[in-house]
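The following paragraphs consider, in turn, backbone geometry and side-chain packing. Please keep the sequence and the coordinates at hand while reading.

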Amino acid sequence: MREEETRAGAGHVVVIGAGIAGLAAAHRLLERGTRVTVLEASGRVGGKLLPGEIAGVRVDLGAESMLARRPEAVDLARAAGLAGRLQPPATATAALWTRGALRPMPKGHVMGVPGTASALSGVLSEEGLARIERDADLPRTEVGDDVAVGEYVAARLGREVVDRLVEPLLGGVYAGDAYRISMRSAVPQLFEAARAHTSLTEAVRAVQDRTAAAPRSGGPVFMGIAGGVGTLPAAVAASVRSRGGEIVTGAPVTELRRTGPTGWRVVAGGRVLEADAVVVAVPAPAAAGLLRAEVPAAAAELAAVEYASMALITLAYRRSEAAALPEGSGFLVPPVDGRTIKASTFASRKWGWIAEEDPDLVVLRTSVGRYGETEVLGRDDDALVAASRHDLKAATGLDAAPVAARVTRWADGLPQYPVGHHARVARIREHVGKVPGLAVCGAAYDGVGIPASIASAYAAVDQIHGDLRAVRELTAHPVQSLHGGAGE
């Protein structure tokens, strides 16, 4: 792309990153009448939301569902014209593959932390069940400012609960280690309840009662989109463009500089853009690089955010050869059981639109890779497919050869939320907030799920609009400077 100068009029915002957070920010900015340019380093929009196909059937090669009990993702899908394609899972009956068998996923838990021991028979040993019952008689365990989920739950209910229930559920979301993951950041509702109750099981039941009373409690917990959740970014991008927004792919930002108290200079792909404000919606390492010159303290905090890598193995079978597959939407695998895969989703069972696209095929996928696991992800694609088939046979009896297989690798795909993550995020926002016309958003801050990423984008937009209003007022009444120094 040849060098060109793009001059910004009033209210021009550059969004760096076209994952779902960046696209949501652009969409919200345009709704408020702001001119927007989105710059994306890669050749496509969507980030970790990736549509694909296997054996002629459309599938998700990244995230496959959205939490529906938060409104942000479902509402954005509707705003992007996808209301008629929203679909809940056809089945939500999942299992645990543990102690050598597929066992029904226990009911009555919050991210694997049970409210009673009664539902865990078969998953835990008799000693493990008895350990849970002791929780009511234990003295209070203070959570302080933050605590690791695994550490706190093990102290109250025993390690078996963590190793066989909490670990696989948290691992499915964060690909992390329950004994490192922050309860305050990863399970905030349980953290707050634990501060208010002596017994952890009592705290879990309190969370369940509040969830049942919430306005969206009667609807589905999760929602998908016919054709795949991976189609959401393209729909949002089309809506952004239809409203006059510009999205440029293949345009890595190489320079981000302030041009004065209220302006920015952005260099990307041979273009030099001037903006009134910038939203940085890229993963933490990339954000650190962009902010190092202007907000070095925030950059240092962002550089310390760790990530986990994972891979998804998508397999397609002839339905006639997949009769061994059990009912349900799939299963999770506790790390303590020593298997290679950490989960399997029976996609054709879970999503009706996949089954409808080719009734003669059964599509499923497995996931591998947790925080700190390097050996398994170092294997080549054929080895990952073979390992998945081996574990699927052991779990379900499925022994047929797939008609097609795809491996999708997500290097550094999931930010980790260790103890103290909330404090780090607060420091990042404090440093960024001292620089007018700058905001950050994405999965590295307030949650890795799609609704949480979108919510962080909307918060960034609110901040930017506050800054732009202050600039307009300052321009109209130039009494004093808007902020202090240029960064820290």
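Arg 99 lies in the loop that connects strand 8 (94–98) with strand 9 (101–104). The model is a predicted one, and the backbone angles discussed here are to be read accordingly. Phi of Arg 99 is near 50°, a positive value in a residue that is not glycine. As a general matter, most residues other than glycine have a negative phi. Arg 99 counts as partly exposed because its relative accessibility is 34%, a value that falls between the limits of 20% for buried and 50% for exposed.

Asp 412 also has a positive phi, of about 50°, although it is not a glycine. Asp 412 is placed in strand 22, which spans residues 404–415. With a relative accessibility of 48%, Asp 412 is likewise classed as partly exposed.

The discussion now turns to the interior. In soluble globular proteins, nonpolar side chains tend to be buried together. Here the largest nonpolar core comprises 46 residues, and those with the most contacts inside it are Val 13, Val 15, Met 66, Leu 232, Val 279, Ile 450 and Ile 454. Elements that each supply at least two residues of this core include strand 2 (12–16), strand 17 (277–280), helix 9 (232–242) and helix 16 (450–476). Leu 232 illustrates the packing: leaving aside residues up to four places away in sequence, Leu 232 touches Ile 20, Met 66, Ala 77, Leu 82 and Ile 225.

A second core, separate from the largest one, contains 41 residues, among them Leu 96, Leu 129, Leu 165 and Val 204.

Definitions and conventions
Residues numbered from 1 in each chain as written. Predicted model: local features only at pLDDT ≥ 70, side-chain atom pairs only at ≥ 80, totals over all residues. Heavy atoms only, no water. Core = buried A, V, L, I, M, F, W, Y, C linked by side-chain atoms within 4.5 Å. Buried < 20%, exposed > 50% of the residue type's maximum accessible area, 1.4 Å probe, protein only. Helix = DSSP H or I, 4+ residues; strand = E, 2+ residues; numbered from the N terminus. Contact = heavy atoms within 4.5 Å.
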